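User: I'd like a close look at one part of this fold, the smaller of its sheets if you can pick it out, and then how that part sits beside everything else. Take your time and keep it connected.

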Amino acid sequence: MSGDGSVRAWPEFQQRWSELRNVLLSSDLTRGFSYNVPPLERIVEEVCADECAVMRSGIKSSSFDLTDISGELRRRSAAEALRTRFVLAHFDLHRSFGAPGQLFEGLEEQWVEPWRAQLRSHGFTFDRVFSILFAAGPHSATNYHMDFTHQLAWQQYGDKHWHALNEPDRWTTKALRYDTKSMLQLSKPAAVGARDIYTVVQRPGSALWNPQATPHWVETFSEPALTLTLVHAGLRLHGRLCPHEQEREDELLTVRVPSLAAAGLLSSRSSERARY
Ligand SMILES: [Fe+2]
């Protein structure tokens, strides 16, 4: 581990990938990231116009505010929108914007596939790795939650403040970690105090590893921000899931397969979307 707590090299990543702790990744792990992102205003304009985009209020609170503000945001120019509070998400960049001439042409070839190759060459396998996007206006937040997949967040514009808990298992339960319905209603526990929280500030160009089932919340302050994120579904090292995903798999297989399958909640993409 480096002085700032970041993961310096692949052997260390192989040890720490499943810890419930958000960490920055050093350039040793991200040196294959060569994609040049389009201008921020163009991204916001085109993603907002896409029917699959999700737009929420971004109000800072202890839990998700699921108010849909798409109508309001689409009435504004991108330049105007970027001066307001909002959270914008898109959960399939390749399918919507990856074709030749489209907004994210080259992202798959220049970022996603090289990262998949790096994972494979270091003993990892996965069901899917795919790219999604989060953008936020100033003074906006994605409030307290946990994710069902491991995520690699590559910051492109602005700073993001990632807050998480020093002792995550003290504040969660097995039931909360696998129950999609209760994930929609999570609130930051009222007893969480300043001493229970650590913060990682993510600057443009940096990459942050956000392991599955890590309770966290993300804020912007004076400026908007945009992050390209890789979702890792079914990530295994030497054939083994992380302990929390294995716990969830075991539970789903033994108890909940019929009801979750019927609700369409078994795919990681629909689980990610369900939160927003
Ligand atoms: Fe998250």
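Analyst: Let's start with one residue pair and work outward. K160 stands opposite Q202 in β9. That pair belongs to the ladder between strand β8 (residues 160-165) and β9, which are antiparallel and share six bridges. Bear in mind that the model is predicted.

On to the other partner of β8. β8 also pairs with β11, again in the antiparallel sense, over four bridges. One residue to look at here is A164, whose bridge partner in β11 is H216. Strand β11 (residues 216-219) in turn pairs with β6, antiparallel once more, through three bridges. In that ladder A141 stands opposite E219 of β11.

Put those ladders together and you get an open sheet of four strands in the order β6-β11-β8-β9, with antiparallel pairing. At the edges are β6 (141-145) and β9 (197-202), each of which pairs on one side only. On average, neighbouring strands of this sheet are turned by 15° against each other, direction ignored. As a reminder of what holds such things together, strands of a sheet pair through backbone hydrogen bonds, either parallel or antiparallel.

Just ahead of the edge strand β6 there's a backbone detail to check. H139 is found in the loop between β5 and β6, and its phi is near 55°, a positive value in a residue other than glycine. Is H139 buried or exposed? Neither, quite: it has 16 C-beta neighbours inside 10 Å, so it counts as partly exposed. There's another histidine to set beside it: H238 has a positive phi of about 50°, and it lies in the loop between β13 (236-237) and β14 (240-241). H238 has 8 C-beta neighbours inside 10 Å and therefore counts as exposed.

Following the loop at H139 back the other way brings you to β5, which is part of the other sheet. This one is open too, with seven strands in the order β1-β10-β7-β12-β5-β3-β2 and antiparallel pairing. Its edge strands are β1 (23-25) and β2 (54-56), each pairing on one side only. Neighbouring strands here are turned by 25° against each other on average, direction ignored. At the β2 end, three bridges join β2 to strand β3 (residues 87-90) in an antiparallel run, and V54 stands opposite A89 of β3.

Two helices pack against this sheet's strands. Helix α3 (residues 40-49) lies across β2, β3, β5, β7 (150-157) and β12 (225-233), running at about 70° to β3. Helix α7 (residues 107-121) lies across β5 and β12, at about 125° to β5.

β5 matters for the core count as well. The largest nonpolar core has 57 residues, and those with the most contacts inside it are L88, L133, A135 and L208. Strand β5 (residues 128-136) gives the most to this core, with seven residues. In soluble globular proteins, nonpolar side chains tend to be buried together.

L208 is a good place to finish. Which residues does L208 touch, leaving aside its neighbours within four places in sequence? The contacts are N22, V23, L24, A153, W162, V200 and Q202. W162 falls within β8, and Q202 is the β9 residue opposite K160, which takes us back to the pair we began with. V23 and L24 fall within β1, and A153 within β7, so to speak the other sheet's side of the picture.

Methods:
Residues numbered from 1 in each chain as written. Predicted model: local features only at pLDDT ≥ 70, side-chain atom pairs only at ≥ 80, totals over all residues. Core = buried A, V, L, I, M, F, W, Y, C linked by C-beta atoms within 7 Å. Buried ≥ 20, exposed ≤ 12 C-beta atoms within 10 Å, placed from the backbone. Contact = placed C-beta atoms within 7 Å. Pairing = 2+ DSSP bridges. Axes fitted to C-alpha atoms, helices over the stretch in contact; angles between N-to-C directions.
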